[in-house]
Structure formats: structure tokens, C-alpha cells
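Welcome, and take a moment to look over the chain before we walk through it together. We will begin with one side chain and work outwards from there.

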Amino acid sequence: MEDIINQIYLNLPILKKLDIKINIEKLENGNVVISFDHNENLERRGGILFGGFIALMFDFVLGMTVRTINEHSDQVTISLSIHFLNKAKSKRYFVEGKVVKKGRSIVFVEGFLYDEQNTLLAKAYGIWKIF
């Protein structure tokens with residue numbers, strides 16, 4: 001599983017362009033936690049993370065979470081809904097993905113963005129299609 005995750009996710013060109021280093025904190029079937037440090041490439045006015053970047057990270061982590069239970073098939077995001085709860089202005093962030101339910105070809109996942117004080121900054125709900 002780790003080889004597939006590293007091959008698919010950790011070498012994405014967009015992460016390199018944004019100068020983001022992803023640290024995998026937890027990698028289990030149906031549960032992933034990653035961390036990354038804040039940098040100015042990711043912020044809007046006021047030093048707060050762009051909402052679009054947060055959406056990218058949820059798509060990234062929830063997709064990685066689905067991949068932990070789907071090593072052999074292709075998959076795509078069907079739906080991703082995000083609720084922004086607090087401003088994301090910290091030095092380090094943690095994104096967690098959890099599989100809620102897996103069907104034959106559909107997987108429901110949820111995600112959480114925390115800062116280094118464990119404040120919940122955003123929640124996401126996603127649906128992935130497995131081919």
C-alpha cells in the first residue's frame with residue numbers, strides 16, 4: 001500500500017510547484033493523516049490559507065484514504081463538500097481522512113483539517129467512484 005501511495009500521491013507536480021512537503025503521519029486501511037507546514041505560496045491576504053488550497057488538500061487526502069482500501073482499481077472524485085469553520089492561520093496543519101462506508105463501487109469519506117493546537121478548521125465530505 002505504501003508504495004502505491006508514494007508513487008501516486010507524494011510526487012504530484014502541483015505539490016512541487018507550491019513547494020509543499022507532505023508528511024504521512026498515519027497510513028492505515030480507511031484512515032490517513034498527513035501534515036504540512038504553512039508557507040506563503042499557500043496564503044491569501046492576511047496570511048490565511050486559500051480556501052482553494054484547502055479543497056485541494058481534502059481532495060488529495062480523501063483520495064489517498066480511498067486508495068488505502070482500493071489498491072487495484074481506478075477511482076475518481078464524484079462529490080466533495082467542504083465546511084470552513086475557522087481561519088487557517090498556523091505554522092503546521094494536519095489533514096485526516098476516514099472511510100465512512102464502502103459499497104461495491106462507491107466510497108463515502110470524511111475529512112478534517114486541524115492546526116497544531118488541534119483546532120478544527122474545516123470539515124469535508126466526499127464520495128468517490130471506484131472503477
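Let us start at F36, which touches I20, K21, I22, L42, L49, F53, M57, K91, R92, Y93 and V95, leaving aside residues up to four places away in sequence; contact here means heavy atoms within 4.5 Å. Keep in mind that this is a predicted model, where local features need pLDDT of at least 70, side-chain atom pairs count only at pLDDT 80 or more, and totals for chains, interfaces and linings use all residues. Residues are numbered from 1 along each chain as its sequence is written, and side-chain values use heavy atoms, with hydrogens and water left out.

F36 also belongs to a wider group. Among the 28 residues of the largest nonpolar core, the ones that touch the most other members are I22, I34, F36, L49, M57, V95 and L113. Such a core is a set of buried Ala, Val, Leu, Ile, Met, Phe, Trp, Tyr and Cys residues joined through side-chain atoms within 4.5 Å, and buried means under 20% relative accessible area, with exposed over 50% and partly exposed in between (1.4 Å probe, protein chains only). Two or more residues each come from strand 2, helix 3, strand 4, strand 5 and strand 6. Helix 3 gives the largest share, nine residues. Helices (H or I, at least four residues) and strands (E, at least two) are DSSP runs, numbered from the N terminus.

Now for the sheet. Its six strands follow the order 1-2-4-5-6-3 in an open, antiparallel arrangement; strands pair if DSSP finds at least two bridges between them. Strand 1 (23-28) and strand 3 (75-84) are the edges, each pairing on one side only. Strand 1 and strand 2 form a hairpin with two residues between them, and G30 in the turn has a positive phi of about 85 degrees. Five bridges link this pair, with I24 partnered by I34 of strand 2. On to strand 2 (residues 31-37) and strand 4 (residues 92-102), which pair over seven bridges; here N31 stands opposite K98.

Helix 3 (residues 51-67) lies across strands 2, 3, 4, 5 and 6, at about 135 degrees to strand 3. Angles run from 0 to 180 degrees between N-to-C directions, using axes fitted to C-alpha atoms, for helices over the stretch in contact.

Finally, visit Q75 in strand 3. Is Q75 buried or exposed? Q75 counts as buried because its relative accessibility is 10%. Its side chain has a polar atom 2.8 Å from the backbone oxygen of G63, and a polar contact of 2.9 Å joins it to the side chain of N70. A polar contact is a pair of N or O atoms within 3.5 Å; within protein, one must be able to donate a hydrogen and the other to accept it, and residues adjacent in sequence count only if both atoms are side-chain atoms.
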